[in-house]
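Biologist: I am new to this model and would like a close look at one part of it. Please set the scene before going into detail.

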Amino acid sequence: MSRIPLPYNPKVMDLFQHPKNLGKMEDATVVAVAGNPACGDMITFYLKIDEAKQIIEKASFESYGCAANIATSSIVTEMVKCLTLEKAWNEITWKKVTEEIGGLPNVKFHCGVLAVGALKRAIRQYFKEKGVAPPAWLPNEHTFEEKQALEEEELAKTLSKRLKPEAEKK
Ligand code: FES
């Protein structure tokens, strides 16, 4: 029995087939991973930051997710270009990304959430690695997108433990 293809719009399909900013960034200022390889849904997000101006010069990604994840990750890398870290943090939400891409099938919303979760994690990671106090606009509390990424990782961990032979669980 063949599977029914998901109703992706042409923009999603185009970005999936011709993703922008796909690949490892050798000179990245910060790198963050969201998702988990155990479930196959994983994204690595790279940011090059102008540290004096706190502006994102460029972004790239590697994704082992689905078409929706590749397309949304790609569009996020375009949307954050030339934004200050603060603007990127405040303005790039999964809703905005979903709108920008022309909509996603409901069952694929979480793929865009994962892409934005990776971006937010990279921004948080940047200040952590610098060892400086986070700015006032960066809340201690995780955003919705970061929480979703954490939940996916927890779920993947649980599933991979369940799938392991008994001897390996100890
Ligand atoms: S990234 Fe998990 S199904 Fe799309």
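Biologist: What percentage of the contacts in the protein with a separation of 6 or more is accounted for by residues 24 or more positions apart? After that, please examine α2 and the buried residues of α2, including what they pack against.

Modeller: The model is predicted, and local features are taken at pLDDT of at least 70 and side-chain atom pairs at pLDDT 80 or more, while totals for chains, interfaces and linings use all residues. Residues are numbered from 1 along each chain as its sequence is written.

The share is 65%. Two residues count as in contact if their C-beta atoms, placed from the backbone, lie within 7 Å. The protein has seven helices and three strands, in the order α-β-β-β-α-α-α-α-α-α along the sequence. These elements are DSSP runs numbered from the N terminus: helices are H or I with at least four residues, and strands are E with at least two. Of the 170 residues, 38% are buried. Buried means 20 or more other C-beta atoms within 10 Å of the residue's own, exposed means 12 or fewer, and partly exposed lies in between, with C-beta atoms placed from the backbone.

Now to α2, which covers residues 67-79. Its 13 residues should span 18 Å at 1.5 Å a residue, and its end C-alpha atoms are 18 Å apart, in agreement. The expected span is 1.5 Å times one less than the number of residues in the helix. Since 12 of the 13 residues are buried, α2 is largely enclosed by the rest of the structure. Its buried residues run from A67 through T77, with M79 as well. They pack against α1, β2, β3, α4 and α5.

Among these partners is α1. Two packed helices are described by the angle between their axes and the distance between the axes. For α1 and α2 the angle is about 85° and the axes are 8 Å apart. The axes are lines fitted to C-alpha atoms, for helices over the stretch in contact, and the angles run from 0 to 180 degrees between N-to-C directions. α1 is therefore roughly perpendicular to α2. Under 35 degrees counts as roughly parallel, over 145 as roughly antiparallel, 65 to 115 as roughly perpendicular, and the rest as oblique. From α1 the contact uses V12, L15 and F16, and from α2 it uses A67, A68, I70, A71, S74 and I75. Eight of the contact residues are nonpolar, one is polar and none is charged. Here Ala, Val, Leu, Ile, Met, Phe, Trp, Tyr, Cys and Pro count as nonpolar, Asp, Glu, Lys and Arg as charged, and the others, Gly among them, as polar.

Another partner is α5. A115 is in contact with N69, T72, S73 and V76, and also with I43 and V97, leaving aside neighbours within four places in sequence. The 22 residues of α5 should span 32 Å at 1.5 Å a residue, which agrees with its end C-alpha atoms being 32 Å apart. With 16 of those residues buried, α5 is also largely enclosed by the rest of the structure.

Both helices feed the largest nonpolar core. Such a core is a set of buried Ala, Val, Leu, Ile, Met, Phe, Trp, Tyr and Cys residues joined through C-beta atoms within 7 Å. This one has 43 residues, and F45, V76, V97, A115, A118, L119 and A122 touch the most other members. Elements giving two or more residues to the core include α1, α2 and α5. The largest share, 10 residues, comes from α5. In soluble globular proteins, nonpolar side chains tend to be buried together.

Two loop residues flank the picture. G65 sits in the loop between β3 and α2 and is buried, with 23 other C-beta atoms within 10 Å. Among its contacts beyond four places in sequence are G35, I70 and L114. G65 and G35 are 30 residues apart in sequence, yet their C-alpha atoms are 9.1 Å apart.

C82 lies in the loop between α2 and α3. It counts as exposed, because it has 12 C-beta neighbours inside 10 Å. Most residues other than glycine have a negative phi. C82 is not a glycine, but has a positive phi of about 70°.
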